[in-house]
Amino acid sequence: MKLNVEQQRKVEENLGLVNKVINDKVHGPYELGIYTRDDLFQIGCIGLCKAAATDKGGTFSTYAYRLIWNQICDALIYSTRRMGYETSYETLPEMPKEIDELSGIGYDIEEMLDKAEAATPPSTAKGIRALRLMSQGFTCREIGQRYNASDKLVCAWMSKARKYLRNRPDIAALVNN
């Protein structure tokens with residue numbers, strides 16, 4: 001976007017407006033997503049330049065405030081969506097070290113999982129199988145390709161399986177000992 005001299009002057013005179021928008025609308029570091037305050041200032045400056053380029057008269061600061069805020073909101077929404085796609089659904093909580101110690105006492109985790117898998121509905125059974133594959137190093141995406149399902153569906157299966165396994169008395173006793 002190329003600004004003429006008058007539009008550049010408007011932008012320079014109203015740079016403080018970008019800080020005002022950030023201070024008014026963005027509260028705390030937890031709302032910034034992947035952006036720092038400096039990043040948001042630069043994004044706000046883009047909105048200010050757009051306001052200067054499209055201003056048709058009237059109260060410039062009111063018009064610019066809205067365009068600056070819209071530009072920042074668009075960036076935050078984009079970053080939130082992007083983070084949602086990039087967030088790893090592939091991590092499992094660490095298993096307690098006691099499980100390794102208990103396996104030497106005679107508990108066969110694989111046998112317990114086999115029994116649990118046989119007694120569950122199909123989606124929970126798929127989740128148990130997916131948990132086993134994940135423990136072998138497969139990602140949600142790879143597991144989904146195996147089952148012809150999306151990685152998010154695989155994550156849902158695993159979540160359901162975790163909840164089911166937590167509520168099984170034999171496994172709960174194993175983990176809580």
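Visitor: Over residues 88-92, how does pLDDT behave, and how many contacts beyond four places in sequence does the model have there?

Guide: This is a predicted model, and pLDDT expresses the predictor's confidence in each residue. Over residues 88-92 pLDDT stays under 50, and the model has 14 contacts beyond four places in sequence for this stretch. For the protein chain, the mean pLDDT is 79, with 78% of residues at 70 or more.

Visitor: Which elements make up the protein chain, and how many are there?

Guide: The protein chain holds 10 helices and zero strands. Read from the N terminus, the order is therefore α-α-α-α-α-α-α-α-α-α. Among contacts in the protein chain with a separation of 6 or more, 65% join residues 24 or more positions apart.

Visitor: How should one read the packing of helix α8 and helix α9, and at what angle do their axes cross?

Guide: Two packed helices are described by the angle and the distance between their axes. Here the axes of α8 (residues 140-147) and α9 (residues 151-166) come within 8 Å and cross at roughly 95°. This makes α8 roughly perpendicular to α9. On the α8 side, the contact is made by Cys140, Arg141, Ile143, Gly144 and Tyr147; α9 contributes Asp151, Val154, Cys155, Trp157 and Met158. By class, the residues of this contact are seven nonpolar, one polar and two charged.

Visitor: How many disulfides does a search of the whole structure find?

Guide: A disulfide is a covalent bond between the sulfur atoms of two cysteines. A search of the whole structure finds zero disulfides. Cys155 is in no disulfide, and the nearest cysteine sulfur, in Cys140, lies 3.3 Å away. The cut-off for a disulfide is a sulfur pair within 2.5 Å.

Visitor: Why does Cys49 form no bond with Cys45?

Guide: The sulfur of Cys49 is 6.7 Å from that of Cys45, its closest cysteine sulfur, and this is too far for a bond.

Visitor: Is Cys155 buried or exposed?

Guide: A residue counts as buried under 20% relative accessible area. Cys155 has a relative accessible area of 12%, so Cys155 is buried. Of the 177 residues in the protein chain, 34% are buried.

Visitor: Where is Gln71 found, and which residues does Gln71 touch?

Guide: Gln71 is found in helix α4, which spans residues 60-86. Its relative accessibility is 16%, so Gln71 counts as buried. Leaving aside residues up to four places away in sequence, Gln71 touches Ile43, Ile46, Gly47 and Lys50.

Definitions and conventions
Residues numbered from 1 in each chain as written. Predicted model: local features only at pLDDT ≥ 70, side-chain atom pairs only at ≥ 80, totals over all residues. Heavy atoms only, no water. Axes fitted to C-alpha atoms, helices over the stretch in contact; angles between N-to-C directions. Helix = DSSP H or I, 4+ residues; strand = E, 2+ residues; numbered from the N terminus. Parallel < 35°, antiparallel > 145°, perpendicular 65-115°, else oblique. Contact = heavy atoms within 4.5 Å. Nonpolar A, V, L, I, M, F, W, Y, C, P; charged D, E, K, R; others polar. pLDDT = per-residue confidence, 0-100. Buried < 20%, exposed > 50% of the residue type's maximum accessible area, 1.4 Å probe, protein only.
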